[in-house]
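Welcome! Please take a moment to turn the model around on your screen before reading on. We will walk through it together, one part at a time.

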Amino acid sequence: MAETILVTGGAGYIGSHISKALALSGYVPVVYDNLLSGHRELVRWGEFVHGDICDYTALSLAMRCHNISGVVHCAALAYVGESIANPDAYYHTNVTGPLNVLRAMQACGVSKIVVSSSCAVYGHADGAPITEDTPLQPISPYGFTKFVMERMLDDFDMAYSVRSAALRYFNAAGADADADCGEWHTPETHLVPRIVMTALGRIPELHIFGNDYPTPDGTCIRDYVHVTDIAQAHVNAMRYLSEGKPSCKVNLGTGRGYSIKELVDAAEAMFQKKIPCVIHPRRAGDPAALVADARYARTLLQWMPVCSSLDAILATGMRFTQSFIGHD
Ligand SMILES: NC(=O)c1ccc[n+]([C@@H]2O[C@H](COP(=O)([O-])OP(=O)(O)OC[C@H]3O[C@@H](n4cnc5c(N)ncnc54)[C@H](O)[C@@H]3O)[C@@H](O)[C@H]2O)c1
């Protein structure tokens with residue numbers, strides 16, 4: 001019989017792609033989301049339960065009613081700058097939230113979980129590719145909440161045998177190839193949708209924060225991973241845990257970084273449009289370069305990023321924005 005997986009945050013950007021990937025792989029996803037930044041329209045591959053992860057009673061009821069056998073936990077607040085301005089909300093959602101998820105799992109006899117972690121747990125890396133053994137030194141409240149969640153997973157494994165896979169995403173980007181789901185935030189602050197919106201003339205210019213970083217062209221370098229690849233890693237991780245294998249923490253990156261300027265150049269070439277850019281001072285907490293050493297995911301989870309070329313990221317991002325998101 002097909003296993004039913006609770007996807008917290010499944011109405012959001014990454015969670016919706018994970019729900020589709022789970023459904024295509026024979027799982028039954030059930031989305032649990034409070035729609036704070038998610039959209040009901042992105043819940044298309046399973047039942048929807050409107051609820052908050054900080055509401056233990058509703059969460060455990062949802063797990064019990066749907067006979068859940070595993071959890072993918074994506075629900076979180078996910079902006080570094082906002083976490084500095086409002087740490088209270090971040091500790092509540094990103095620490096109390098996963099604690100509730102783990103408590104509800106215990107109460108319902110669910111013993112495997114895949115979680116959205118982040119390269120923000122590493123903080124300022126020295127520019128070399130980041131391995132899973134790179135010291136964890138988060139510099140923002142957001143990164144620290146992900147670090148605490150990972151420590152909670154270790155402790156729940158040790159004490160209660162809850163096995164977990166913490167997937168440390170680098171920069172998720174792009175959209176579903178069929179434009180069934182994609183990146184849709186209000187306001188949108190992420191780079192690829194903002195490049196697309198500038199190319200479409202929906203915003204007048206692209207704001208770039210800092211062009212004096214110690215990188216070849218002065219703009220920040222990031223490791224962009226297609227969201228479809230990220231979603232597939234959750235399927236692989238769920239299978240890995242189902243085989244009884246031990247808990248793990250794994251980078252999800254490509255191992256190749258691109259600067260903001262390289263992304264803009266690629267977009268101008270692909271869309272045949274000039275992307276007007278305005279340079280602003282650096283933002284607090286933005287490291288010059290964050291690039292994964294992605295080898296561990298390959299060996300442990302048999303995961304390879306196969307959709308993560310810049311062209312695929314830009315083309316799918318454009319298709320989703322054009323077909324799904326209105327002009328207002
Ligand atoms: N986007 C990235 O590049 C990136 C990188 C690293 C890690 N992550 C992590 O991936 C996860 C998903 O990120 P995303 O980009 O899809 O963000 P998103 O905002 O699109 O999705 C988050 C979802 O969680 C829901 N949610 C928030 N608080 C909730 C609560 N209290 N109860 C129930 N649901 C709640 C929101 O409504 C939304 O649907 C987050 O945990 C984030 O920290 C994202």
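Which element gives the largest share of the shell around the ligand? Helix H1 does, with three residues. Keep in mind as you explore that this is a predicted model.

**Around the ligand**

In total, 27 residues surround the ligand, and the closest are Gly9, Gly12, Gly38, Ala76 and Ser116. Helix H1 (13-24), helix H4 (87-108), strand S5 (112-118) and strand S7 (171-173) are the elements that give two or more residues to this shell. Sorted by class, the shell holds 13 nonpolar residues, twelve polar ones and two charged ones.

**The whole protein**

Now zoom out. Ten helices and 14 strands make up the secondary structure of the protein. Its radius of gyration is 19 Å, close to the 20 Å that the globule rule gives for 328 residues, so the protein is as compact as a globular protein of that length. If you draw a box along the principal axes, the C-alpha atoms fill roughly 55 × 40 × 40 Å.

**Two domains**

How is the protein divided into domains? Domain 1 covers 4-173 + 223-252, and domain 2 covers 191-222 + 255-324. Try tracing both on the model: each is written as two stretches of the chain. The C-alpha centres of the two domains lie 24 Å apart. Where they touch, domain 1 brings 31 residues to the contact and domain 2 brings 29 residues.

Look at the domain 1 side of that contact. Helix H3 (80-85), S7, strand S10 (224-226), helix H7 (227-242) and strand S11 (248-252) each supply at least two residues there. H7 gives the largest share, seven residues. This side of domain 1 is made up of 17 nonpolar, eleven polar and three charged residues. Strand S7 is worth finding again, since you have met it in the shell around the ligand and you meet it here on the side that touches domain 2.

**The sheets**

A short reminder helps here: strands of a sheet pair through backbone hydrogen bonds, either parallel or antiparallel. In what order do the strands of the seven-stranded open sheet run? The order is S3-S2-S1-S4-S5-S6-S11, and the pairing is parallel. At the edges sit strand S3 (47-50) and S11, each of which pairs on one side only. On average, neighbouring strands of this sheet are turned by 20° against each other, direction ignored.

Another open sheet has three strands in the order S12-S9-S14, with mixed pairing. Its edge strands are strand S12 (258-259) and strand S14 (289-290).

You can pick out one strand pair from each sheet. Strands S1 (residues 4-8) and S2 (residues 28-33) run parallel and are joined by five bridges; Leu6 has Val30 in S2 as its bridge partner. Strand S9 (residues 221-222) also runs parallel to S14, with two bridges between them, and Ile221 stands opposite Ala289 in S14.

**Helices across the strands**

Finally, which strands do helices H4 and H5 lie across? The table gives the answer.

| Helix | Strands it lies across | Angle |
|---|---|---|
| H4 | S1, S4 (70-73) and S5 | about 175° to S4 |
| H5 (residues 141-160) | S5, S6 (163-169) and S11 | about 155° to S5 |

Strand S5 appears in both rows, as H4 lies across it and H5 does too. Strand S5 also gives two or more residues to the shell around the ligand, and so does H4.

Methods:
Residues numbered from 1 in each chain as written. Predicted model: local features only at pLDDT ≥ 70, side-chain atom pairs only at ≥ 80, totals over all residues. Near = placed C-beta within 6 Å. Helix = DSSP H or I, 4+ residues; strand = E, 2+ residues; numbered from the N terminus. Nonpolar A, V, L, I, M, F, W, Y, C, P; charged D, E, K, R; others polar. Domains from an automatic or database assignment. Contact = placed C-beta atoms within 7 Å. Pairing = 2+ DSSP bridges. Axes fitted to C-alpha atoms, helices over the stretch in contact; angles between N-to-C directions. Rg over C-alpha atoms; globule rule 2.2 N^0.38 Å.
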